[in-house]
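Colleague: Could you take me through one part of this model in close detail? I would like to start with a charged pair and then see what lies around it.

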Amino acid sequence: MENDTTSGKLMNVIKKLSNQNIENVKRVEELENVNKELIIQHEEKDKCASELLIANNTLIIHAKEKEKCADDLLIANEELVTRNEEKEKRVKDLEEMLFIISHLERKHIARILGLSNLIEKGKNTPEELEKEISHIKESAIALDEYTREMTKFIEKLLPPAMEYNEHAQ
């Protein structure tokens, strides 16, 4: 009987071990499945990391392009400001030129016309005639002077390639 009991105990131990072995095999299969799943997740993570690196590099390139565009806009803005200042100076210069033409030159032209009318009437004494011709000469000299000043003034306004060439006269 002792053999039967020992053999029964042995059978129980073998059954227990067999059950444990079956459970261990199941756990190993589960662990292998989990390991495969972890490998897949790791590969997906690596793929996402690569995609993020590419996206990050693209963003860096875009940021550099944006900085260059911003720099280009600043340069363009500075050029516009400079051109606007030049334009304002030209307008001021043109206003000055208009003043010279409308006031100073017109004064002498009106004087010459008035004296011409007096001479045309023919009621002048030789002294008056001499005086009127002298005034016409003074006005003509003043007009010549203003014309020379105006030419110099206009030369300053023109770009270098368009400057008036006095030697061409």
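**A charged pair and its helix**

Modeller: Asp144 is partly exposed, at 39% relative accessibility. Keep in mind that this is a predicted model. Asp144 has a partner, Arg148, and the two form a salt bridge. Their closest N and O atoms are 3.2 Å apart. Both residues lie in helix H2. They are four residues apart, about one turn of the helix. Arg148 is exposed, because its relative accessible area of 54% is over the 50% cut-off. Asp144 falls short of that cut-off, so it counts as partly exposed at 39%.

Now turn to the nonpolar side of the story. Helix H2 spans 126-157. It gives three residues to the largest nonpolar core, the most of any element. That core has five residues: Met97, Ile100, Met150, Phe153 and Leu157. Helix H1, spanning 2-121, also gives two or more residues to this core. Look at Met150 in particular. Leaving aside neighbours within four places in sequence, Met150 is in contact with Met97, Ile100, Ile101 and Glu105.

Helix H1 has a charged pair of its own. Asp72 and Lys68 both lie there, four residues apart, about one turn of the helix. They form a salt bridge, with the closest N and O atoms 3.1 Å apart. Lys68 is exposed, with a relative accessible area of 51%. Asp72 is partly exposed at 37%. Another salt bridge joins the side chains of Lys45 and Asp46, at 4.0 Å from N to O. Asp46 is partly exposed, at 36% relative accessibility. The count for the model comes to five salt bridges.

Methods. Residues numbered from 1 in each chain as written. Predicted model: local features only at pLDDT ≥ 70, side-chain atom pairs only at ≥ 80, totals over all residues. Heavy atoms only, no water. Core = buried A, V, L, I, M, F, W, Y, C linked by side-chain atoms within 4.5 Å. Buried < 20%, exposed > 50% of the residue type's maximum accessible area, 1.4 Å probe, protein only. Contact = heavy atoms within 4.5 Å.
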